Amino acid sequence: MNTKTKTKQQITFMQYVFLIHGMQVGIGFLTLPRELSLIAGTDGWISIIIGWLSAVIASIFIIQIMKKHPDATLPDLFKIYFGTWIGKLGTMFVVLYFMSVSFLILFSALTIIKVWLLPKTPLVILTVLILIPTYQLIRYGIRSLGRYAEIIFYISIWMIVVLTIPLNDSHWHYLRPVLKEGWYPVLLGVRTTIFSYLGFEIAFWMYPYLKSKQLATRGIILANTLTMTINLIVTIVCFVFFSQQEIVKYNWPTLSLLKVIEPNFLNRWDVIFLSSYVLIISVTWIISIFIVIQNTSNLIGNPKLEPYLLIIFIVLLITAAAFIVWTQSRLTRLTDMLTSCGLILSYAFPVVLWMYTTLFDRIFPRRTSS
Amino acid sequence: MPISNNGSNPQGPTKPSTTLTENIQYAQSLFQDSQDFMVRQFTIQLTGEQAAILFLSNLTDKNALNNNVLYPLMYEKSVLSAVAISHVKKSASWDEIISAILLGSSVLFIDKKYDASILDTQGWPQRSISDPQLEASLKGGHQGFVETGSQNIALIRRFIPNLELKVKEMKVGQRGSATVTLLYLEDVIDPGILTELEERIQNIQVDAILNTGELEEYIEDNTFSPFPQFIATERPDAAASHILQGRVAIIVDRSPIALIGPTTFNSFFQSVDDYSSRWIVSSFIRSLRFLAFFIAIFLPALYIALISYNYVIIPINLILSIGASRERVPFPPFIEAILMEITLEMLREAGIRLPAPIGQTVGIVGGIVIGQAAVQAGIVSNIMVIIVAATAISSFIIPSYDMGAAIRFIRFPMMILASLFGIFGITIGFMMLMVHLITLDSLGTPYGSPYSPVRFSDWKDSVIRLPLWLMKKRPVSSNPQQLERQTPSPTKAEKGDS
């Protein structure tokens with residue numbers, strides 16, 4: 001056989017960046033302007049920058065942990081530091097978390113599609129349809145995931161350009177005065193914005209595949225910065241286009257923004273924008289499903305089962321689409337729950353784990369130096 | 001029981017005997033009922049030995065046999081070693097002798113000697129080298145591959161007179177054993193790819209390979225893909241250009257097409273003329289081809305989706321004129337589009353195999369029926385005719401026939417998706433197409449390169465073609481050992497150092 005197929009699958013630096021960035025840009029970017037505006041008013045954009053700072057700090061902790069065992073993913077680390085059984089329990093929580101994330105992202109996206117594009121089509125048909133390419137991709141492993149995230153980023157750049165078109169009718173004075181209500185609302189807004197950076201925790205799984213590991217920290221910071229830039233552009237455009245009273249009226253202000261753009265060859269941008277948006281958001285649920293499959297096979301301890309696990313999970317998703325009514329309020333409740341879990345997993349957990357592992361390595365230097 | 005390569009009796013003797021008559025009788029028993037099998041017995045003038053020459057009359061160059069073998073031996077007191085044939089081989093195995101006769105060589109038996117001489121007197125009906133039919137070129141050469149493998153190799157060697165150009169032969173097929181030749185630059189090609197390819201060719205278990213396309217199907221990575229995974233070219237200059245980029249050319253004897261691998265999606269959009277015309281102009285043409293790729297796949301689907309679901313996208317003036325032209329059409333857009341696209345495909349297929357004079361008739365009839373009459377009869381709308389025409393033209397711009405065919409096929413599932421789910425269906429279709437191209441491999445190298453994985457260094461020769469002096473390096477997609485292109489190839493000693 002070819003020597004290349006024998007070696008472990010690897011991802012390039014840029015693929016690593018786009019995988020993390022792709023995981024971060026999800027539903028958030030449709031709803032973020034509204035939520036920020038509700039909490040922090042027009043100063044919300046400052047919260048985004050503060051959120052970025054905390055995301056970067058947490059990311060650096062993750063890479064510091066991963067550096068200790070370059071070939072191990074999070075479940076392997078659990079095993080090394082907490083023993084088999086507690087490790088399995090931890091992995092189980094992680095599986096549950098990413099399972100819920102994939103449910104949430106998939107059904108939120110499909111709900112938006114259903115509302116805006118295909119109101120009469122049953123959700124389960126849309127689910128089956130969208131899971132075909134998902135299955136096609138995950139079957140081929142991390143390498144194709146990396147390529148996918150990369151190409152999706154490049155073919156979606158135009159969307160950001162389109163989003164800046166409404167700046168022609170912008171009202172920059174909406175932003176002034178800066179910090180009109182002081183720092184307090186801005187800091188409150190940070191809680192919302194750090195949710196929009198969730199996703200960098202997949203570095204726990206992506207790091208072992210990265211080809212040039214010395215660039216891992218730089219990569220994760222780049223990914224966070226890309227996400228910040230996009231969130232910042234979207235939020236500021238929304239803020240200077242809509243007034244504060246107007247913006248809270250829309251569920252997805254980013255999409256409502258597009259209704260305004262009317263070039264003479266197209267009547268409505270939003271339909272095209274939304275269909276392409278499916279591509280961007282697909283990266284999120286594809287990575288989540290991939291991590292679920294990987295961790296489950298790690299739990300069972302048999303990587304050969306991965307194809308079957310994938311099919312089982314996809315059937316599960318289809319069943320969920322068929323028998324559960326995914327109303328907006330249910331999705332919101334799930335979002336709230338996952339926000340808290342995500343905050344713990346991505347922000348608090350890396351710091352704690354880093355301190356624990358450092359201490360552990362000091363006390364038992366031999367046990368972990370395998 | 002192992003099947004013998006040439007069908008000779010496995011129970012018979014494996015070696016010729018020393019008696020001439022016995023050998024002749026045995027050979028004749030093997031070639032029973034083959035009227036073209038000839039035996040010519042004679043006496044060698046110089047030594048007086050009895051001899052016989054065995055050959056298949058239609059596969060042998062009789063001029064060479066008569067003038068260079070028989071005449072000198074019979075009348076000019078010549079010895080066998082002085083026979084004026086370029087390639088003479090001694091053999092003492094019936095298997096080898098029979099194979100040689102079947103391939104057109106003649107075999108000389110001499111009484112009291114058990115080894116026979118195989119004389120290279122092959123000569124079969126051949127076509128002279130002519131213009132490539134499928135890949136016409138404006139400024140390129142006018143020599144295309146022919147059906148004789150050795151001539152094709154010669155055509156490629158003329159372009160690359162270099163010691164590193166290796167010509168490796170393999171046999172494929174049990175009954176109609178075909179010679180498969182791999183041509184590559186040893187100091188450039190990735191050895192992993194080469195061994196992978198050789199292994200795949202050796203693993204083929206088949207009666208006979210009649211055409212390059214059959215070989216392709218046995219050695220490609222994914223048989224369930226509509227996309228070609230090897231370039232099939234009939235141009236020696238194209239083959240040479242790919243070999244220089246670090247790829248392998250596979251030549252199958254008896255087939256006028258060379259296969260090139262490993263390939264990328266990108267290389268199906270390149271043509272030889274791109275490099276011989278102005279780079280600005282050919283960049284423009286390249287980008288047209290990529291645009292055509294999308295038009296040919298998505299335009300009919302987009303029409304269906306916009307008319308039946310997402311008409312809000314179309315500006316009001318346009319939708320009024322489309323509405324006016326569709327007023328009399330009784331079918332939904334999907335039926336209308338399928339009807340027209342299928343008619344077009346049939347017309348194209350009908351045109352291919354018809355002799356030129358009738359072909360024109362088909363074109364005229366088809367053109368009038370599809371265009372004018374169908375619209376006037378109210379079966380299809382004017383807009384639909386325009387869309388079908390645009391799709392057809394777009395799919396024919398693609399230089400590779402195989403890629404064009406793949407595109408024409410993919411259009412139909414896309415139309416079905418669009419008719420069921422509108423724009424969202426097209427998005428799903430696009431996603432599937434993209435995922436397929438991302439995950440596809442050609443000989444273990446990524447097919448989507450340089451777009452996925454993104455390799456900016458290879459973009460110089462992709463949607464645009466930059467000036468040649470900027471392309472100092474070979475494309476990374478074929479993973480060459482030697483990346484520098486415009487430097488003289490290093491000597492063996494230098495290679496040892498690196």
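These legends accompany three close-up views of chain B in a predicted model. Residues are numbered from 1 along each chain as its sequence is written, and chains are lettered from A in the order in which they are written. Local features need pLDDT of at least 70 in this predicted model, whereas totals for chains, interfaces and linings use all residues.

**View 1. Strand 4 of chain B is covered on both faces.** Strand 4, a DSSP run (E, at least two residues, numbered from the N terminus), spans residues 106-110 of chain B, and five of its five residues are buried, that is, under 20% relative accessible area with a 1.4 Å probe and protein chains only. In a regular strand the side chains alternate between the two faces of the sheet. Here Ser106(B), Leu108(B) and Ile110(B) lie on one side, with Val107(B) and Phe109(B) on the other.

**View 2. Strand 4 of chain B pairs with strand 2 and with strand 5.** Pairing requires at least two bridges found by DSSP. Strand 2 (residues 50-56) runs antiparallel to strand 4 and is joined to it by four bridges, with Leu108(B) as the bridge partner of Ile53(B). Three bridges join strand 4 to strand 5 (residues 116-119), also in an antiparallel arrangement, and Ser106(B) is partnered by Leu119(B). Strands 4 and 5 form a hairpin with five residues between them, where Lys112(B) in the turn has a positive phi of about 70°.

**View 3. Leu291(B) lies in helix 9 of chain B.** This helix, a DSSP run (H or I, at least four residues), covers residues 279-308. Leu291(B) counts as partly exposed (between 20% and 50%) because its relative accessibility is 49%.

Definitions and conventions: This is a predicted model: local features need pLDDT of at least 70, side-chain atom pairs count only at pLDDT 80 or more; totals for chains, interfaces and linings use all residues. Side-chain values use heavy atoms; hydrogens and water are left out.
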